[in-house]
Amino acid sequence: MASLSREQVSALTRLTELADQRGSAVYLVGGPVRDLRLDLPPGDLDVAVEGDAIALAARLAETTGCRLVRHARFGTATVSGDGAHIDLASARSETYQTAGALPTVRPSTIDDDLHRRDFTINSMALALNGTAAGQLLDPSAGRADLDAGLIRVLHETSFQDDATRILRAARYEARFGFRLEEATRDLLVRDLPYLETISPARVHHELARTLLDPEPERALSRLANLGALRTLHPSLHFDSDLATAFQRLREIAPRAVPSAYWALLTWHAARSAAEPVIARLGLTRRQADAARALNALREHPPQSGARPSETASLFSAQPAAAVWALAAVGSGAAREQAHAYMTRYRNVRPLLRGGDLLALGVQPGKPVGDVLARLRAAKLDGEVRTRADEERLVRDGLARNDE
Ligand code: ATP
């Protein structure tokens, strides 16, 4: 049975004592309540405070020596350290003036706070103090939906108020193996056009969270099937080839995964659509560079039968994420060469160093760099193996220069 860690329990106990002193009611809310019920270990702890969350967080940080980060604009704060990470927010109500815009926020009760949330499974709270301590607050029957494996919105216009919930719904479905409750699915499909009201930064934020899940291709395939991806941009596709590429990428390059995923997401965008897709996804500069490089490699793949040194010189100028992505998605020779480069060629160095070359009579400066590059190419292509082979190549080169 998953439960809070010892460190998390002790942080929440301290928090509750401080909240009691201030007369504030505190609740564990949203994700951690859901995860505990699903028997999953909760990560970050979300706490709603009926009162001043920032002041309470500051007090907690002060008494425990943990780190405090305040987000005054949002009335939230984070306290982290000693094996626990707590996000505190003042309980609030939200009203949406226009679709997609951030809501107007007012301090309020836990009940209002639960009613502003995305899905019933995220709308539960556990009272941490007061007479209700230990009680589950579940005004939208989230527990029943959790047990039935259903994603359900709280009201009819939920996706219109905030269409990022469309992206979130697919994430939770895929992550927990749940499904959209029928009426929620109809509302989601009806309200797909509201995705246009969502800024690239918010799209990026939600998809980045999705890409952190162990098998993001599941949520992305679902978003494609629901029509959400093409609503975000007509050139954004996700098919079984890309799903396979995602899986392959995790096998070959576990550490390169998030940045290469982003590049792969743009794989099906035709050349003229690459920039609009990059903009719609709100890619960072590095992510965009990798996406552009992958696009260029798709247009001009390495020649089949190219020598390893030619492959290396093509790929060494590209962002690693783009080459990993090609190794996961490209066809035939391009894929093999990208893989060979990332796993072998890029680590190949000559045995001789700059000092050795000077001792052999190579001129300092650029000539040393040129000879090292020539040696590396020869080694990649199997023309030299031993130190003696390399020395011979250098001497032959010097002799030719003297002729
Ligand atoms: P993940 O790890 O995927 O982010 P999470 O459940 O921790 O999952 P957060 O994005 O951290 O989700 O959000 C925390 C809580 O805030 C959610 O459980 C939900 O109750 C609420 N929430 C987040 N985004 C929205 C939204 N767009 N609309 C309504 N409620 C939201």
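1. A helix here is a DSSP run of H or I covering at least four residues, and helices are numbered from the N terminus. On that basis, α7 supplies the largest share of the shell around the ligand, with six residues. The model is a predicted one, which should be kept in mind for the points below.

2. The shell as a whole comprises 16 residues. The closest of them are Arg34, Asp162, Tyr172, Arg175 and Arg209. Sorted by class, the shell holds eleven charged residues, four polar ones and one nonpolar one.

3. Three polar contacts to the ligand can be listed. A nitrogen atom of the ligand lies 2.9 Å from an N or O atom in the side chain of Arg165. A polar side-chain atom of Arg168 is 3.0 Å from an oxygen atom of the ligand. With Asp118 the partner is a polar backbone atom, 3.1 Å from a nitrogen atom of the ligand.

4. On its own, the ligand has 580 Å² of accessible area, and the protein covers 79% of that. Two elements give two or more residues to the shell: α2 (31–37) and α7 (164–176).

5. Where does the ligand lie with respect to domain 1 and domain 2? Domain 1 spans 1–147 and domain 2 spans 149–227; because both give residues to the shell, the ligand lies between them.

6. Turning to the strands, seven of them form an open sheet with mixed pairing, in the order β3-β4-β5-β2-β1-β8-β9. The edges are β3 (67–71) and β9 (136–137), each of which pairs on one side only. As background, the strands of a sheet pair through backbone hydrogen bonds, in either a parallel or an antiparallel manner.

7. Within this sheet order, β4 is listed next to β5. Strand β4 covers residues 76–81 and β5 covers residues 84–90; the two run antiparallel and are joined by six bridges. One residue pair can be named: Gly81 has Ala84, in β5, as its bridge partner.

8. A last point concerns Pro103, which sits in the loop between β6 (92–95) and β7 (104–107). Leaving aside residues up to four places away in sequence, Pro103 touches Glu94, Thr95 and Tyr96. How far apart are the C-alpha atoms of Pro103 and Gly149? They are separated by 29 Å, with the two residues 46 places apart along the chain.

Note on methods
Residues are numbered from 1 along each chain as its sequence is written. This is a predicted model: local features need pLDDT of at least 70, side-chain atom pairs count only at pLDDT 80 or more; totals for chains, interfaces and linings use all residues. Side-chain values use heavy atoms; hydrogens and water are left out. Contact means heavy atoms within 4.5 Å. A residue is near a molecule or strand if one of its heavy atoms lies within 4 Å of it. A polar contact is a pair of N or O atoms within 3.5 Å; within protein, one must be able to donate a hydrogen and the other to accept it, and residues adjacent in sequence count only if both atoms are side-chain atoms. Accessible areas come from the Shrake-Rupley method with a 1.4 Å probe; for residues, only the protein chains shown count as cover. Ala, Val, Leu, Ile, Met, Phe, Trp, Tyr, Cys and Pro count as nonpolar, Asp, Glu, Lys and Arg as charged, and the others, Gly among them, as polar. Domain bounds come from an automatic or database domain assignment. Two strands pair if DSSP finds at least two bridges between them.
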